[in-house]
Amino acid sequence: FEDESGCWRMLTYFDNVYPTLTSVNMTGSMITSDSKKAPTSWEDNSTNRASTFAAVGDKLGFQVYFSENIKDTNGMKAVLSIKDADGNPIKLDIQRVSGNCITFKDFTVTEGMQCVGRILITSFENAGNVCDLAGNKVTTNMTSSIKSPNQQIFLDRDKPFISTSAVATDG
């Protein structure tokens, strides 16, 4: 800028603020507006409960949003509350980084997966590698500040079944 004496001056700004996790979003083919209702607010007949359960074959995805744009993620993974058939937590690699959003690769629910409660991100691996455009790394306590997604998604492990009975009759 030009000051009152006609000299040009340059302003320099320092960014010493680390990015913070602000929100988490979940995507999936079964997600609708009913997915945001907590089980305690499910109405007897009007809530489409299919929109709150992920079953075998359903794909789910996660995006995490930060307080500022992100440039480096260097091996970060999202660790989910859902476990594979062997009891190992599902870990999602990063698909892309765009501005302040990290999109993780989708995963498909498979036979034998287990989950207690909602499906959500429980922690991050290598979260300390994430930094903003100025090189400020995220807080070391990012895992303790993980936001739950707005969506209420649970794992549907129960297959439908048909019960039959046979009755013997004379004749």
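## Cysteines and disulfides

The disulfide count for this predicted model comes to 0. A disulfide is a covalent bond between the sulfur atoms of two cysteines. The count rests on a distance rule, under which a pair of cysteine sulfur atoms must lie within 2.5 Å.

Cys101 has a relative accessibility of 9%, so Cys101 counts as buried. Cys131 counts as buried too, because its relative accessibility is 7%. Each of these cysteines also appears in the surroundings of a residue described below: Cys101 touches Gln63, and Cys131 is in contact with Asn136.

## The chain as a whole

The chain holds 11 strands and 0 helices. Its pattern along the sequence is therefore a run of β elements, β-β-β-β-β-β-β-β-β-β-β.

Of the 171 residues in the chain, 35% are buried. The accessible surface comes to about 10,600 Å², and carbon and sulfur atoms account for 48% of that surface. Among contacts in the chain with a separation of 6 or more, 75% are between residues 24 or more positions apart.

## Gln63 in strand E3

Gln63 belongs to strand E3, which covers residues 59–66. Is Gln63 buried or exposed? With a relative accessibility of 11%, Gln63 counts as buried, because the limit for that class is under 20%.

Leaving out residues up to four places away in sequence, Gln63 touches Ser23, Val24, Asn25 and Thr27, together with Cys101, Ile102 and Thr103.

## Asn126 and its backbone

Asn126 sits in the loop between strand E9 (121–125) and strand E10 (131–132). Although Asn126 is not a glycine, its phi is positive, at about 60°.

The relative accessibility of Asn126 is 43%, so this residue counts as partly exposed. That value falls between the limits of 20% for buried and 50% for exposed.

## Asn136 and its contacts

The loop between E10 and strand E11 (154–155) contains Asn136. At 17% relative accessibility, Asn136 is under the 20% limit and therefore counts as buried.

Which backbone oxygen does the side chain of Asn136 reach? The partner is the backbone oxygen of Val17, at 3.2 Å. Val17 is also one of the residues in contact with Asn136 when neighbours within four places in sequence are set aside. The others in that list are Asp15, Asn16, Tyr18, Pro19, Val130 and Cys131.

Key:
Residues numbered from 1 in each chain as written. Predicted model: local features only at pLDDT ≥ 70, side-chain atom pairs only at ≥ 80, totals over all residues. Heavy atoms only, no water. Helix = DSSP H or I, 4+ residues; strand = E, 2+ residues; numbered from the N terminus. Buried < 20%, exposed > 50% of the residue type's maximum accessible area, 1.4 Å probe, protein only. Contact = heavy atoms within 4.5 Å. Areas by Shrake-Rupley, 256 points an atom, 1.4 Å probe, with all protein chains shown as cover. Polar contact = N/O pair within 3.5 Å; in protein donor to acceptor, adjacent residues only side chain to side chain.
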